[in-house]
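Work through these exercises with the sequence and coordinates open. Try each task before reading its solution.

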Amino acid sequence: MKLQRTNSSTDGSRDDIPAANVLSSPGKTLGALLDASTGNTIFVSEVYDGDCPVGLYNKTAPPERQLKAGDFIVESNGPRGNMTMMMQEMHLYPNLRLLVTRAMEYDINVCKQDKLGCGITYDANSGISIGVACVLSGPIQMWNDQNRSKVVLDGDGIVAVNGVRGSTGDLLEVIKQSKELRMTMARLASNTVE
């Protein structure tokens, strides 16, 4: 997927938003809300239509090649596996070549004890997922031991808890308040879009 960003200012300044995880808002710059909570990839939280690079690209691309909410960006202009470098590429350069992988979602059910049993990463400001940094002993490892076809892996993202989708804060609150958890997980699927 190739995107071209134009700078609408005439004084040479950039109209990008200099934030780690949000490169745009509706009608500005890239045209997607990005969540870097999952570690080595960037989760596409939302895609905007209109006069922005993503919106313009999606209007002309066939449906199977369009950028969609729920996709993972795995490469940006070459850097791969390093979320910080990929975000820098998307922030600094007007022409972007993105390698995107579709998401696969699956549900797990765990009974939370004192802890959930995983290390997590998240963006408290604009995230909509919780990244699984590592699986530790506890409820998630017990799930993995009993459900070999739906094993939670490092790098998976929690995108819904007990049917609630929303901000990372919303997800964390449901986890905190509930003992029985039905979590929708997202991970990279095998099909990619360039």
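Four exercises on this predicted model follow.

**Exercise 1. Establish the fold and how far to trust it.**
State how many helices and strands the protein has, then find where confidence is lowest and highest.

*Solution.*
- Step 1: Count the elements. The protein has 4 helices and 9 strands.
- Step 2: Put them in sequence order. The pattern reads β-β-β-α-β-α-β-β-β-α-β-α-β.
- Step 3: Check the overall confidence. The mean pLDDT is 80, and 81% of the residues score at least 70.
- Step 4: Look at the extremes. Strand 1 (residues 2-4) has the lowest confidence, with a mean of 57, while helix 3 (residues 139-146) has the highest, at 96.
- Step 5: Flag the weak stretch. Over residues 5-28 pLDDT stays under 50, although the model has 53 contacts there beyond four places in sequence.

**Exercise 2. Describe the burial and contact range of the chain.**
Find what share of the 194 residues is buried.

*Solution.*
- Step 1: Take the buried share. It is 46% of the 194 residues.
- Step 2: Turn to the surface. About 9,700 Å² is exposed, and carbon and sulfur atoms supply 50% of that.
- Step 3: Sort contacts with a separation of 6 or more. Residues 24 or more positions apart account for 61% of them.

**Exercise 3. Analyse helix 2.**
Which residues of helix 2 (residues 83-92) are buried, and what covers them?

*Solution.*
- Step 1: List the buried residues. They are M86, M87, E89 and M90.
- Step 2: Look down the helix axis. These buried residues fall within an arc of 155 degrees, so they line one face of helix 2.
- Step 3: Identify the cover. It includes strand 2 (32-35), strand 3 (42-47), strand 4 (72-76) and strand 5 (95-111).
- Step 4: Inspect the N-terminal end. N82 caps it, with a side-chain oxygen 3.1 Å from the backbone nitrogen of T84.

**Exercise 4. Account for the surroundings of R187.**
Is R187 buried or exposed, and which polar partners does its side chain have?

*Solution.*
- Step 1: Locate R187. It sits in strand 9 (residues 180-193).
- Step 2: Apply the cut-off. Buried means under 20% relative accessible area. R187 has 16%, so it is buried.
- Step 3: Find a backbone partner. A polar atom of the R187 side chain lies 2.5 Å from the backbone oxygen of V151.
- Step 4: Find a side-chain partner. R187 and D156 are joined through their side chains by a polar contact of 2.7 Å.
- Step 5: Widen the view. Beyond four places in sequence, R187 touches several residues, including F72, R102, M104, Y106 and L153.

Methods
Residues numbered from 1 in each chain as written. Heavy atoms only, no water. Buried < 20%, exposed > 50% of the residue type's maximum accessible area, 1.4 Å probe, protein only. Helix = DSSP H or I, 4+ residues; strand = E, 2+ residues; numbered from the N terminus. Arc of directions from axis to C-beta. Contact = heavy atoms within 4.5 Å. Polar contact = N/O pair within 3.5 Å; in protein donor to acceptor, adjacent residues only side chain to side chain. pLDDT = per-residue confidence, 0-100. Areas by Shrake-Rupley, 256 points an atom, 1.4 Å probe, with all protein chains shown as cover.
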